[in-house]
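Hi,

Here is the structure I promised to send over. Have a look at it first, and then read on for my notes.

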Amino acid sequence: MTDLAGATLIELTAVDEGRNCRRAYRIERTEDLFGHQLIELSWGRIAGPCQTKRLSAPSAAEAITVVRRVLARRASAATRIGVAYTRQDADSMAAPGASAHQ
């Protein structure tokens, strides 16, 4: 999953209906007017309120390092919460309202 670190938008979901687990995680990486990288992390229950954390990195390389660490933590979800995160593809995100967090 850490090979996705160079992407500007990553949306992940972890769903296990039997355990009533429906989680979403979104990572968005952009650049500000001064060339710094902005990383926005959003997480929460699908279709529910989410929490957001914003980080800044002076370069794209450092931003990718931050994103890799976040993705490594998400990759361990199967052990921690009992269900793995999967990446949402572009087709499922294209429909209005399909995104877990807007």
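Searching the whole structure, which is a predicted model, turns up two aromatic pairs. In one of them, the ring centres of Tyr25 and Trp43 are 6.0 Å apart with the planes at 15°, so this pair is stacked. It bridges distant parts of the chain, since Tyr25 sits in strand β2 and Trp43 in strand β3, 18 residues apart. In the other, Tyr25 meets Tyr85: the centres are 6.4 Å apart and the planes are at 80°, so here the arrangement is edge-to-face. That pair also links distant parts of the chain, with Tyr85 in the loop between α2 (77–80) and β5 (86–87), 60 residues from Tyr25. Put together, Tyr25, Trp43 and Tyr85 make one aromatic cluster.

Which of these are buried and which are exposed to some degree? Tyr25 counts as buried because its relative accessibility is 7%, and Tyr85 is buried too, at 8%. Trp43, at 27%, is partly exposed.

The two tyrosines come up again in the core. The largest nonpolar core has 18 residues, and Tyr25, Ile27, Ile39, Ile81 and Tyr85 have the most contacts inside it. Elements giving two or more residues to it are β1 (9–16), β2 (21–31), β3 (37–45) and α1 (60–75). Of these, α1 gives the most, with five residues. As you know, nonpolar side chains tend to be buried together in soluble globular proteins.

Ala14 is worth a click as well. It is found in strand β1 and is buried, with a relative accessible area of 0%. Leaving out residues up to four places away in sequence, Ala14 touches Cys21, Arg22, Arg23, Ile81, Val83, Ala84 and Tyr85. Counted in the same way, Ile81 touches Ala14, Arg19, Cys21 and Arg23. Ala14 and Ala24 are ten residues apart in sequence, with their C-alpha atoms 6.4 Å apart in space.

Back to the strand that holds Trp43. β3 runs antiparallel to β4 (residues 50–57), and eight bridges join the two. The bridge partner of Trp43 in β4 is Gln51. These strands form a hairpin with four residues between them, and Ala47 in the turn has a positive phi of about 70°.

A salt bridge spans the β3 and β4 strands too: the side chains of Glu40 and Arg54 meet at 2.9 Å, N to O. Glu40 is in β3 and Arg54 in β4, 14 residues apart. How do the two ends compare with the cut-offs for buried and exposed? Glu40, at 24% relative accessibility, is partly exposed, while Arg54 is exposed, at 61%.

In total there are four salt bridges. Another one joins Glu17 and Arg22, whose closest N and O atoms are 2.6 Å apart. Glu17 is exposed, with a relative accessible area of 54%, and Arg22 is partly exposed at 27%. Arg26 and Glu28 also pair, at 3.2 Å from N to O. Arg26 counts as buried because its relative accessibility is 17% and the cut-off for buried is under 20%. Its partner Glu28 counts as partly exposed, at 26%. Shared partners tie Glu11, Arg26 and Glu28 into one salt-bridge network.

If you open just one view, I'd start with the cluster of Tyr25, Trp43 and Tyr85.

Cheers

Notes: Residues are numbered from 1 along each chain as its sequence is written. Side-chain values use heavy atoms; hydrogens and water are left out. A nonpolar core is a set of buried Ala, Val, Leu, Ile, Met, Phe, Trp, Tyr and Cys residues joined through side-chain atoms within 4.5 Å. Buried means under 20% relative accessible area, exposed over 50%, partly exposed in between (1.4 Å probe, protein chains only). Contact means heavy atoms within 4.5 Å. Two strands pair if DSSP finds at least two bridges between them. Rings of Phe, Tyr and Trp (its six-membered ring) pair if their centres lie within 6.5 Å; planes under 30 degrees apart count as stacked, over 60 as edge-to-face and the rest as tilted.
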